[in-house]
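Let's work through a few exercises together. Have a look at the chain first, then try each task before you read its solution.

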Amino acid sequence: MILALINNKGGVGKTTTAVNLAAAYARSGYRTLLADLDPQASASLHLGRRESGPTHIPRLDVCCGFPQNTGDYEHVFLDCPPALSPLTHRALELCDRFLVPLQPQYLAMEGLANLLRFAHNPGRWLGIVLTMVDSRARVTHEIIALLRQRFPDKVFQTEIKNNIRLSEAASFGQSIFEYDGRCPGAKLYAQLKEEVEQKCRVLAV
Ligand SMILES: Nc1ncnc2c1ncn2[C@@H]1O[C@H](COP(=O)(O)OP(=O)(O)OP(=O)(O)O)[C@@H](O)[C@H]1O
Ligand SMILES: [Mg+2]
């Protein structure tokens, strides 16, 4: 399966989600590729690499740019840059499914409408992953409730809460599972992986 992480808004957790989902799949035994489509190479750097090749995580490779050949992998994750650009368009064409990491803020909803128009292939839309959720803010709960009401089958149950360990892991060139496998961020990404896998299984039937 080729899964693209897409949102034209910057800094919403696309790379963090791509890296940690890819790591979670690799840890469960799948041959996994993380394709870093962002010219800033954030995803590869997050795993401590500057070039394509294997990472320190067994079964997880990274590649800079579009993969030449995805045949060696069971799962491929495409980390897109924050733009509705030709590159993102190509990622949308190449993927089997796409996932939208979204921070629950009011303007994010506007952006989502644009993004869905741009994608114009709703069949491939796997869903919304709520990221950097600040449970202490009342407005967060309101927006999440609105999103769940508007897109009842699309918003994943797992909400990725704010967890500083996730951003620390990136600066150490590690996925959250090596950096601190017991922290809330690790548990949430492991749970998200189960949910994504389950949803893909159901949709494939
Ligand atoms: N759940 C979280 N809790 C705390 N910090 C987070 C969380 N998710 C991401 N971050 C941090 O927020 C910043 C932005 O995240 P990330 O790079 O994943 O976003 P992005 O959408 O890929 O950004 P860009 O659009 O620039 O590619 C990073 O510093 C990252 O470490
Ligand atoms: Mg990024």
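Is Glu 194 buried, partly exposed or exposed? Glu 194 is partly exposed, with a relative accessible area of 46%. Here, buried means under 20% relative accessible area, exposed means over 50%, and partly exposed lies in between (1.4 Å probe, protein chains only).

A quick note before we go on: this is a predicted model, where local features need pLDDT of at least 70 and side-chain atom pairs count only at pLDDT 80 or more, while totals for chains, interfaces and linings use all residues. Residues are numbered from 1 along each chain as its sequence is written, chains are lettered from A and ligands numbered from 1 in the order in which they are written, and side-chain values use heavy atoms, with hydrogens and water left out.

**Exercise 1. Find the salt bridges and say how covered their partners are.**

Step 1: get the rule straight. A salt bridge is a side-chain nitrogen of Lys or Arg within 4 Å of a carboxyl oxygen of Asp or Glu. Going by that rule, the count is eight salt bridges.

Step 2: go back to Glu 194. Its salt-bridge partner is Lys 193, with the closest N and O atoms 3.4 Å apart. Lys 193 counts as buried, at 4% relative accessibility.

Step 3: look for a network. Arg 148, Glu 159 and Lys 161 are joined into one by salt bridges that share partners.

Step 4: try Arg 165 and Asp 180. Their closest N and O atoms are 2.9 Å apart, and they form a salt bridge. This pair links distant parts of the chain: Arg 165 sits in helix H6 (residues 164-171) and Asp 180 in helix H7 (residues 176-180), 15 residues apart. Arg 165 is partly exposed at 29%, whereas Asp 180 is buried at 18%.

Step 5: finish with Asp 134 and Arg 136, whose side chains meet in a salt bridge at 3.2 Å, N to O. Asp 134 is partly exposed, with 23% relative accessible area, and Arg 136 is exposed at 77%.

**Exercise 2. Check the length of helix H1 and describe its surroundings.**

Step 1: know what you're counting. Helices (H or I, at least four residues) and strands (E, at least two) are DSSP runs, numbered from the N terminus. The expected span of a helix is 1.5 Å times one less than its number of residues.

Step 2: apply it. H1 covers residues 14-27, which is 14 residues, so it should span 20 Å; its end C-alpha atoms are 20 Å apart, which agrees.

Step 3: check the cover. Twelve of the 14 residues in H1 are buried, including Lys 14, Thr 15 and Tyr 25.

Step 4: see what comes next. After H1 you meet Gly 29, which has a positive phi, near 105°.

**Exercise 3. Lay out the sheet.**

Step 1: write down the order. Eight strands make an open sheet, S3-S4-S2-S5-S1-S6-S7-S8, with mixed pairing. Two strands pair if DSSP finds at least two bridges between them.

Step 2: find the edges. S3 (53-54) and S8 (155-161) each have a single partner strand, so one side of each is left without a neighbour in the sheet.

Step 3: zoom in on S1 (residues 2-5). It pairs with S5 (residues 75-79) in the parallel sense over four bridges, and Ala 4 stands opposite Leu 78 there. S1 also runs parallel to S6 (residues 97-102), joined by three bridges, where Leu 3 has Arg 97 as its bridge partner.

Step 4: compare the faces of S1. Ile 2 and Ala 4 lie on one side, Leu 3 and Leu 5 on the other, and all are buried.

Step 5: move to S7 (residues 125-133), which pairs with S8 in the parallel sense over three bridges. Ile 128 stands opposite Val 155 in S8.

**Exercise 4. Describe what surrounds ligand 1.**

Step 1: list the neighbours. There are 16 residues around ligand 1 (a heavy atom within 4 Å), and the closest are Lys 14, Thr 15, Thr 16, Asn 163 and Ser 167.

Step 2: pick out atom pairs. A polar side-chain atom of Thr 15 is 2.8 Å from an oxygen atom of the ligand. For Asn 163, a backbone N or O atom lies 2.8 Å from a nitrogen atom of ligand 1.

How values were computed:
Polar contact = N/O pair within 3.5 Å; in protein donor to acceptor, adjacent residues only side chain to side chain.
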